[in-house]
Amino acid sequence: MPTALLVPEISQEDTFEKIATGLASDGYCVCTSLLPESWVINLRNFAKQERNQGAFQNAGIGKLHHFTVDKNIRGDTILWVEDDFSNDYLNHISKFIDDLRLYLNRTCYLGLRDYEMHLAVYPTGSFYKRHADRFKLNAHRHISFVFYLNPDWREGDGGELKIYLPDGSETTVKPEGGTLIVFRSELEHEVLQANAARYSLTGWMLDTEKGVTFL
């Protein structure tokens with residue numbers, strides 16, 4: 001079992017306060033170099049292994065009878081993270097996210113009750129066009145978060161996240177290994193074309209238990 005702390009250089013409390021402040025003031029917060037490189041490499045390799053074994057599936061748009069797969073809109077493949085995954089790094093991150101959820105409830109009064117997340121891979125040439133994570137017909141997602149798992153990312157590799165802010169401005173986040181981006185799920189955003197395989201752990205904090213998000 002790994003002994004490294006999830007946040008090796010600053011306390012969890014400082015990180016949570018930074019995220020809460022960013023969500024309240026700007027609608028998003030970027031924490032660079034949050035995960036140690038060893039964590040990034042382990043999780044990227046775990047995703048590669050599961051993908052090679054055929055565990056990933058094509059990502060789609062919408063839920064239930066509204067669900068469709070259209071690679072002209074979205075080209076990533078995903079693997080939902082389940083409680084029985086035997087990966088200690090994922091377990092530590094799950095604990096971190098649940099602690100963050102509770103902190104945001106105490107400080108921002110968001111009423112978040114659960115979270116869901118999946119590993120995602122954008123193959124070379126893929127992208128995800130502009131969209132919001134909070135569905136009109138299924139509005140349970142309130143806070144989105146992405147851990148980037150690309151230890152060797154370089155300028156030109158693509159796959160940046162572009163967020164469109166309510167005031168008409170935009171911000172772009174590089175998918176560098178160890179970076180965490182947290183933002184309000186109603187903010188529109190897109191994943192720019194990946195010129196090299198792009199790995200991430202992506203999730204959402206919910207106002208209900210994840211098993212009933214179809215309601």
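Let's start at a cysteine: Cys31 is buried, with 5% relative accessible area. The model you are looking at is a predicted one, and the protein in it has three helices and 11 strands. Reading from the N terminus, those elements follow the order α-β-α-β-β-α-β-β-β-β-β-β-β-β. Of its 215 residues, 51% count as buried. Among contacts with a separation of 6 or more, 79% join residues 24 or more positions apart.

**Cysteines**

- How many disulfides does the count come to? The answer is zero.
- Cys29 takes part in no disulfide, and the nearest cysteine sulfur, in Cys31, lies 4.1 Å away.
- Seen from the other side, the sulfur of Cys31 has Cys29 as its closest cysteine partner, but the 4.1 Å between the sulfurs is too far for a bond, because a disulfide needs the two sulfur atoms within 2.5 Å.
- Like Cys31 at 5%, Cys29 is buried, with a relative accessible area of 5%.

**The seven-stranded sheet**

- Seven strands form an open sheet in the order E1-E9-E6-E11-E4-E3-E2, and the pairing is antiparallel.
- Which strands sit at the edges of this sheet? They are E1 and strand E2 (57-58), each of which pairs on one side only.
- Helix H1 (residues 12-25) packs on this sheet, where H1 touches E1, strand E6 (141-148) and strand E9 (180-184).
- The direction of H1 makes about 145° with that of E1.
- At the E2 end, two bridges join E2 to strand E3 (residues 77-80), and the two strands run antiparallel.
- One of the residues to look for here is Gln57, whose bridge partner in E3 is Ile78.

**The four-stranded sheet**

- A further open sheet has four strands, in the order E5-E10-E7-E8, again with antiparallel pairing.
- Its edge strands are E5 (128-131) and E8 (170-173), and each of them pairs on one side only.
- On average, neighbouring strands of this sheet are turned by 15° against each other, with direction ignored.
- Strand E5 and strand E10 (residues 188-191) are paired antiparallel over two bridges. Here Tyr128 has Val191 of E10 as its bridge partner.
- E10 also pairs with E7 in the antiparallel sense, this time over four bridges. In this pairing, Lys162 is matched with Glu190 of E10.
- On to the E8 edge: strand E7 (residues 161-164) and E8 are antiparallel and share four bridges. Ile163 finds its bridge partner in Thr171 of E8.
- As a general reminder, the strands of a sheet pair through backbone hydrogen bonds, in either a parallel or an antiparallel way.

**Aromatic rings and charges**

- How many aromatic pairs does the structure hold? There are six.
- Phe145 and Phe147 have ring centres 6.3 Å apart and planes at 75°, so this pair is edge-to-face.
- Both Phe145 and Phe147 are buried.
- Ring pairs also link Phe145 and Phe147 into a cluster with Phe16, Phe96 and Tyr103.
- Arg130 places its charged end over the ring of Tyr164, 3.7 Å from the ring centre.
- Arg141 lies over the face of Trp204, and its distance from the ring centre is 3.7 Å.

**Two loop residues with positive phi**

- Ser33 is a residue other than glycine with a positive phi, near 55°.
- You will find Ser33 in the loop between strand E1 (28-31) and helix H2 (37-52).
- Is Ser33 buried or exposed? Its relative accessibility is 54%, so Ser33 counts as exposed, since the limit for that class is over 50%.
- Tyr109, also not a glycine, has a positive phi near 55°.
- Where is Tyr109 placed? Look in the loop between helix H3 (88-108) and strand E4 (114-122).
- Tyr109 counts as exposed too, at 71% relative accessibility.

Technical notes
Residues are numbered from 1 along each chain as its sequence is written. This is a predicted model: local features need pLDDT of at least 70, side-chain atom pairs count only at pLDDT 80 or more; totals for chains, interfaces and linings use all residues. Side-chain values use heavy atoms; hydrogens and water are left out. Buried means under 20% relative accessible area, exposed over 50%, partly exposed in between (1.4 Å probe, protein chains only). Two strands pair if DSSP finds at least two bridges between them. Axes are lines fitted to C-alpha atoms, for helices over the stretch in contact, and angles run from 0 to 180 degrees between N-to-C directions. Rings of Phe, Tyr and Trp (its six-membered ring) pair if their centres lie within 6.5 Å; planes under 30 degrees apart count as stacked, over 60 as edge-to-face and the rest as tilted. A charge sits over a ring if NZ of Lys or CZ of Arg is within 6 Å of the ring centre and within 35 degrees of the ring normal. Contact means heavy atoms within 4.5 Å.
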